[in-house]
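Please read the model below alongside its sequence. The paragraphs that follow take up one helix, then one loop residue, then the chain as a whole.

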Amino acid sequence: MRLTEIQPGMRLAKDVHDPQGRILIRAGVVLSERQIRLLRSWAVADVCIARDEEAGDLGRRHPEISDELLRSIDTQFSLSNRDHPVIQALQAFCLSRMLERRQG
């Protein structure tokens with residue numbers, strides 16, 4: 001999707017790299033206005049945005065999960081490779097612990 005079409009709150013489907021191949025922003029991050037401005041300053045023209053079904057999949061499978069919890073997990077793992085199985089297991093573990101704490 002063209003960067004001019006990106007809105008805050010959209011979730012990246014793929015990592016964004018600079019011309020040298022370094023990761024600028026990891027996949028799965030929910031973009032803020034600041035991050036969109038940074039992408040513009042880095043002259044990034046296109047990014048891959050997750051479809052609503054992908055972004056909300058976890059929320060649909062677990063309706064008890066709030067947007068607040070998902071944002072918290074996104075923040076904690078924003079610099080991690082979300083495609084790695086260990087990171088995915090850690091995310092699931094953290095989410096289950098956060099849900100346990102909320103349910104008392």
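Which residues of helix 4 (residues 67–76) are buried? In this predicted model, they are Leu 69, Leu 70, Ile 73 and Asp 74. These four lie on the same side of helix 4, because the arc they cover around the axis is only 140°. An α-helix has 3.6 residues a turn, so residues three or four places apart point the same way. The other side of helix 4 carries Asp 67 and Thr 75, which are exposed.

A second aspartate to look at is Asp 18, in the loop between strand 1 (16–17) and strand 2 (23–25). Is Asp 18 buried or exposed? Its relative accessibility is 12%, and buried means under 20%, so Asp 18 counts as buried. What does the side chain of Asp 18 reach? One partner is the backbone nitrogen of Gln 20, at 2.9 Å. Another is the side chain of Arg 22, with which the side chain of Asp 18 makes a polar contact at 2.7 Å.

Now the whole chain. Its elements are 5 helices and 2 strands, and along the sequence they follow the pattern β-β-α-α-α-α-α. Of the 104 residues in the chain, 31% are buried. The accessible surface comes to about 6900 Å², and carbon and sulfur atoms account for 51% of that surface. As for contacts between residues at least 6 apart in sequence, 50% join residues at least 24 apart.

Conventions
Residues numbered from 1 in each chain as written. Predicted model: local features only at pLDDT ≥ 70, side-chain atom pairs only at ≥ 80, totals over all residues. Heavy atoms only, no water. Buried < 20%, exposed > 50% of the residue type's maximum accessible area, 1.4 Å probe, protein only. Polar contact = N/O pair within 3.5 Å; in protein donor to acceptor, adjacent residues only side chain to side chain. Contact = heavy atoms within 4.5 Å. Areas by Shrake-Rupley, 256 points an atom, 1.4 Å probe, with all protein chains shown as cover. Arc of directions from axis to C-beta.
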